[in-house]
Amino acid sequence: MPVGTLANVKTLTPAQLRDTGAQMILSNTYHLHLQPGEGIVAGGGGLHKFMGWDGPILTDSGGFQVFSLSEMRKISERGVKFRSPHDGQIIELTPERSIEIQNTLGADIIMAFDECPPYPVSREEVETATERTYRWLLRCIETHKRPEQALFGIVQGGIYSDLRSRAANALTELDLPGYAIGGVSVGEEPELIHEIVRVTAPLLPVNKPRYLMGVGTYREIAIAIAAGIDLFDCVIPTRWARHGTAMVRGERWNLKNARFREDFQPLDADCPCYTCKNFTRAYISHLVRSQEILAYTLLSIHNITEIIHFTQKIRQSILQGSFATDFARWLNTDNS
Ligand SMILES: O=c1[nH]cnc2cc3nc(NCc4cccs4)[nH]c3cc12
Ligand SMILES: [Zn+2]
């Protein structure tokens, strides 16, 4: 899922986004509540109509964003209080409020309001956050009255396998429409993400969508899929694009690099995207050097297409039964 925090995937029109092959996008409750406010989004016909995207949309519940984006926040059993970065007002976000906002925004999948512990952190703090997240999930289920919006639970538990399995089993008991693994991609080593996913994903229902939040990069995606993950969100393709960086066959190219100045090939001759069909590395390099806004659109189109293509190739190799060998480079099984 390309990230469309403020009801757009930055630098792209919905038509350009559709052309990348992306099926679904993520938007953020925290950001949309602050600006423009869920009331205006609803006034515009809800998130799909407001932003002109008729594909599936998932909204994150806001707890994580409060802790990663706002200063002065206080957490209690009720929920979290934080100071709005826009006008300094104190805002309270609770499980009930988060669900109400997400119901009003109108996404197809809404996330339970959870507490993602920082990293590193003590086992005790993880235990407290994980148990509170479970009690908050029950309050979300209680508040959520719109079955046409699927409420996904989020498994916390930090780096502790026993807490992860306890949470995964407790959430599975609730028979939710889908499940997410949270509390990862918070600054830990990638190997820790692999470990957490390998422990947690198999415990979640195989017949429900399994979503790994905030991931990721090629290796993490391949390893997570091998463990049973179906859904990812990541800012990297679009964030790197806005910094003039292209993702080409698993490598990271800074288009300002002198080597591209007179390189009249496409970024990737095998890539089907609009950028690779119409422009050269030299041209994109010129745009990046000149800080032309078109550079960011062309690179976002390519980077999203590239990572979607990566997952499509994985899907094909799984269907052919050759995933482990085709992706050994990423699954790290070739040099074990
Ligand atoms: O436990 C979580 N709960 C709800 N949303 C999340 C979003 C998440 N996004 C990342 N990492 C990607 C990042 C995006 C921006 C800063 S880190 N990790 C995440 C964990 C959670
Ligand atoms: Zn391309």
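What volume does the largest pocket have? About 870 Å³. Keep in mind as you click around that this is a predicted model.

**Stop 1: the largest pocket**

Start by selecting F64, G214, D233, V235 and R239: of the 36 residues lining this pocket, these are the closest to its centre. Now colour the elements that give two or more residues to the lining, namely β1 (25–28), α5 (63–69), α9 (190–200) and α11 (236–242). If you colour the lining by residue type, you'll get 15 nonpolar, 13 polar and 8 charged residues.

**Stop 2: the second largest pocket**

Next, select D230, L231, F232, T311 and R315. They are the closest to the centre of the second largest pocket, out of 28 lining residues. The volume here is about 670 Å³. Show α10 (218–227), β10 (231–232) and α14 (293–320), the elements that each give two or more residues to the lining. Helix α14 gives the most, with 8 residues. By type, this lining divides into 18 nonpolar, 6 polar and 4 charged residues.

**Stop 3: the zinc ion**

Keep α14 on screen and select ligand 2, the zinc ion, along with C271, C273, C276 and H302. Which atoms should you look for as protein donors? The SG atoms of the three cysteines C271, C273 and C276, plus ND1 of H302, lying 2.1 to 2.3 Å from the zinc. Try the angle tool too: the 4 donor atoms subtend angles of 101 to 119° around the zinc ion, so the arrangement is tetrahedral. For comparison, the ideal angle for four tetrahedral donors is 109.5 degrees.

Along the sequence, the donor residues follow the spacing C-x1-C-x2-C-x25-H. Zoom out a little and you'll see that C273 and H302 link distant parts of the chain: C273 is in the loop between β12 (251–254) and α12 (274–278), while H302 is in helix α14, 29 residues apart. Both are buried: C273 has a relative accessibility of 4%, and H302 has a relative accessible area of 0%.

**Stop 4: two more cysteines**

Finally, select C116 and C234. Why is there no disulfide between C116 and C234? The sulfur of C116 is 15 Å from that of C234, the closest cysteine sulfur, so the two are too far apart for a bond. Looking from the other end, C234 is in no disulfide either, and its nearest cysteine sulfur is that of C116. A search of the whole structure in fact finds 0 disulfides. Switch on a surface for one last look: C116 is buried, at 12% relative accessible area, and C234 is buried as well, at 11%.

How values were computed: Residues are numbered from 1 along each chain as its sequence is written. Chains are lettered from A and ligands numbered from 1 in the order in which they are written. This is a predicted model: local features need pLDDT of at least 70, side-chain atom pairs count only at pLDDT 80 or more; totals for chains, interfaces and linings use all residues. Side-chain values use heavy atoms; hydrogens and water are left out. A disulfide is a pair of cysteine sulfur atoms within 2.5 Å. Buried means under 20% relative accessible area, exposed over 50%, partly exposed in between (1.4 Å probe, protein chains only). On a 1 Å grid over the protein atoms alone, a cavity is a set of points where a 1.4 Å probe fits but cannot get out, and a pocket is an open set with protein on both sides within 12 Å along at least five of seven lines; lining residues have an atom within 4 Å of a point. Grid points are joined across faces, edges and corners, and a volume is the space filled by probe spheres set on the points. Helices (H or I, at least four residues) and strands (E, at least two) are DSSP runs, numbered from the N terminus. Ala, Val, Leu, Ile, Met, Phe, Trp, Tyr, Cys and Pro count as nonpolar, Asp, Glu, Lys and Arg as charged, and the others, Gly among them, as polar. Donors are N, O and S atoms within 2.8 Å of the metal (3.2 Å for Na, K and Ca); water is not among the atoms, so sites may look incomplete. Four donors count as tetrahedral if all angles lie between 85 and 135 degrees; four count as square planar and six as octahedral if opposite donors are over 155 degrees apart and all others between 65 and 115; anything else is irregular.
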